[in-house]
Structures are given as structure tokens and as C-alpha cells.
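Let's walk through this one together, from the fold to the rings and then to the ligand. Have the sequence and the 3D view open side by side as you read.

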Amino acid sequence: MKPQFNFPATFRLVLITLGLIVLVSVQAKDALQSPSKEGANILLPIEQEHDIKALKLMAQQCFSCHNPDMTGGPQSRLGPPMFMVRRHYYHEGVSKDEFIAGIVSFVKNPSEEKSRMKGAIKNFGLMPGIYVDEDDIKLIAAYIYDNDLSSEEWKKKWEAFKKG
Ligand code: HEC
């Protein structure tokens, strides 16, 4: 009788071993794949990575008052839309460095003397001082310099960004 029972036992052992081999190889494949998935981010063009970071920062730190969505009308806004800010800082011949310096200086320490938007101060009051890391303000300002936030093209980018 004994040999008859031994056969299924051996068979089961073979099945378990096969199962383990499959499991281990699937996990090994996953382990090989995940670093390459993360690697894809590193391969993003540097400008694109900066753009995404700048948009994230603006969404968190600026757009609560400088709402780029034109819904709700001016009464629903706590500050001028960012494209209006850009118009007061961006003019013919201004270098990117000058533009960034102007924005950084105001955001770090808003004051009426530095303001280039006296009308906005009348409408909304002076922008309150908010703490934002200087490198982050530079990244945001560079983004605003490079992108016309009033263009249809930018609005499409913004919609795509919001959808994630
Ligand atoms: C709590 C609301 C609030 C937040 C948050 C905010 N702002 Fe403002 N900002 C305002 C208001 C109100 C004005 C218009 C009055 C003024 O110019 O001071 C303004 C004006 C400005 C101006 C033009 C200043 C001038 O008068 O020349 C710049 C530049 C600016 N904001 C940049 C930023 C940036 C960049 C961020 C995000 C890092 C930001 N703001 C976040 C309220 C805000």
C-alpha cells in the first residue's frame, strides 16, 4: 500500500516546487522592472521637470489668490490673475534674470514702493507676506517668464496638469 501513497506525495512536492519557482521568477521580474519605471522620470527633459515642479508650487502657493481659472468673476478672486502680474513685469527687452529678480524681490517682501500694480493694491489690498523658499520663487518666476499664462495653449497645459 505504501508506494501508492508515496506517488501523490512526490507529485505534490514537484507541484509546490514548480509553484515556488514561478513565484520567485515573477517577483524577480517585478524587481527588475520597478527601477526602470522610476528611471523614466529621471529621463524627462529637465525643462519639463522644472515646468511640472513650478506648476505644482504655483497651484499650492499662488493660485489660491492668483486664480488662473476665469470662473466666478473678479469678485471671487483674492488677487489679480497671474497673467496680469506677468504683463506688469514682462516688457520688451527685459532679461529673464531681471524678470526673476523683480518677482523674487516683491514676493519676499511685498511693499507699496516696489509695487508695479498700484491698481491691484487698490482693488485687493497689498499682497500679504507669505513664506516661500527663494529657490522655489525663482523657479516659479522663470516659469512665468517662459509661459504666456493668458494663451489658449497654456490653458490647455493647465487643464492637463489639473487632471494629473
Ligand atoms: C493670500 C493671497 C496671495 C497669495 C497666496 C499670493 N499672492 Fe501675489 N498678490 C496678491 C494680491 C492681493 C496682489 C495685488 C496687490 C499687490 O500688488 O500687492 C498680488 C500681487 C502680486 C504681484 C505683483 C506685485 C506688484 O504690485 O507689483 C506678484 C509679482 C505676485 N503677487 C506674485 C505672487 C507669487 C509668485 C505667489 C506665489 C508664490 C503669490 N503672489 C501668492 C495676493 C496673493
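Is F63 buried or exposed? At a relative accessibility of 7%, F63 counts as buried, where buried means under 20% relative accessible area, exposed means over 50%, and partly exposed is what falls in between (1.4 Å probe, protein chains only). Before going further, please keep in mind that this is a predicted model, in which local features need pLDDT of at least 70 and side-chain atom pairs count only at pLDDT 80 or more, while totals for chains, interfaces and linings use all residues. Residues are numbered from 1 along each chain as its sequence is written, and side-chain values use heavy atoms, with hydrogens and water left out.

Now for the overall fold. The protein chain has seven helices and zero strands; helices (H or I, at least four residues) and strands (E, at least two) are DSSP runs, numbered from the N terminus. Read from the N terminus on, the order of elements is therefore simply α-α-α-α-α-α-α. Of the 164 residues in the protein chain, 29% are buried.

Let's return to F63 by way of the aromatic rings. Rings of Phe, Tyr and Trp (its six-membered ring) pair if their centres lie within 6.5 Å; planes under 30 degrees apart count as stacked, over 60 as edge-to-face and the rest as tilted. That rule gives seven aromatic pairs. One of them joins F63 and W154 in an edge-to-face arrangement, with 6.5 Å from centre to centre and 80° between the planes. This pair links distant parts of the chain: F63 is in the loop between α2 (46-61) and α3 (82-89), whereas W154 is in helix α7 (residues 152-163), 91 residues apart. W154 is buried too, with a relative accessible area of 2%.

A second pair to look at is Y90 with Y145, which is tilted, at 5.2 Å centre to centre and 55° between the planes. Y90 lies in the loop between α3 and α4 (96-108) and Y145 in helix α6 (residues 134-146), so this pair ties together parts that are 55 residues apart in sequence. Y90 is partly exposed, at 35% relative accessibility, while Y145 is buried, at 17%. Y90 has another partner as well: the charged end of R86 sits over the ring of Y90, 4.4 Å from its centre. For that description, NZ of Lys or CZ of Arg must be within 6 Å of the ring centre and within 35 degrees of the ring normal. As for F63 and W154, they belong to one aromatic cluster together with W158 and F161.

From R86 we can step across to the loop between α6 and α7, where S150 is found. S150 is partly exposed, with a relative accessible area of 22%. Although S150 and R86 are 64 residues apart in sequence, their C-alpha atoms are 9.4 Å apart in space. S150 also has M82 at a C-alpha separation of 8.6 Å, with their positions 68 residues apart along the chain. M82 lies in helix α3 and is buried, at 7% relative accessibility.

Another long-range approach involves K56 of helix α2. The C-alpha atoms of K56 and K162 are separated by 9.5 Å, and the two residues are 106 apart along the chain. K56 counts as partly exposed, at 46% relative accessibility.

Finally, where does the ligand sit? The ligand is in the largest pocket. A pocket, found on a 1 Å grid over the protein atoms alone, is an open set of points where a 1.4 Å probe fits, with protein on both sides within 12 Å along at least five of seven lines; a molecule sits in one if more than half of its atoms lie within 2 Å of its grid points. The elements that give two or more residues to the shell around the ligand are α3, α4 and α5 (118-124). There are 27 residues around the ligand (each with a heavy atom within 4 Å of it), and C62, C65, H66, Y89 and M127 come nearest.

Some N and O atoms approach the ligand too. An N or O atom in the side chain of H66 is 2.8 Å from a nitrogen atom of the ligand, and one in the side chain of Y89 is 2.5 Å from a ligand oxygen atom. M117 uses its backbone instead, with an N or O atom 3.4 Å from an oxygen atom of the ligand.

How values were computed
A polar contact is a pair of N or O atoms within 3.5 Å; within protein, one must be able to donate a hydrogen and the other to accept it, and residues adjacent in sequence count only if both atoms are side-chain atoms. On a 1 Å grid over the protein atoms alone, a cavity is a set of points where a 1.4 Å probe fits but cannot get out, and a pocket is an open set with protein on both sides within 12 Å along at least five of seven lines; lining residues have an atom within 4 Å of a point.
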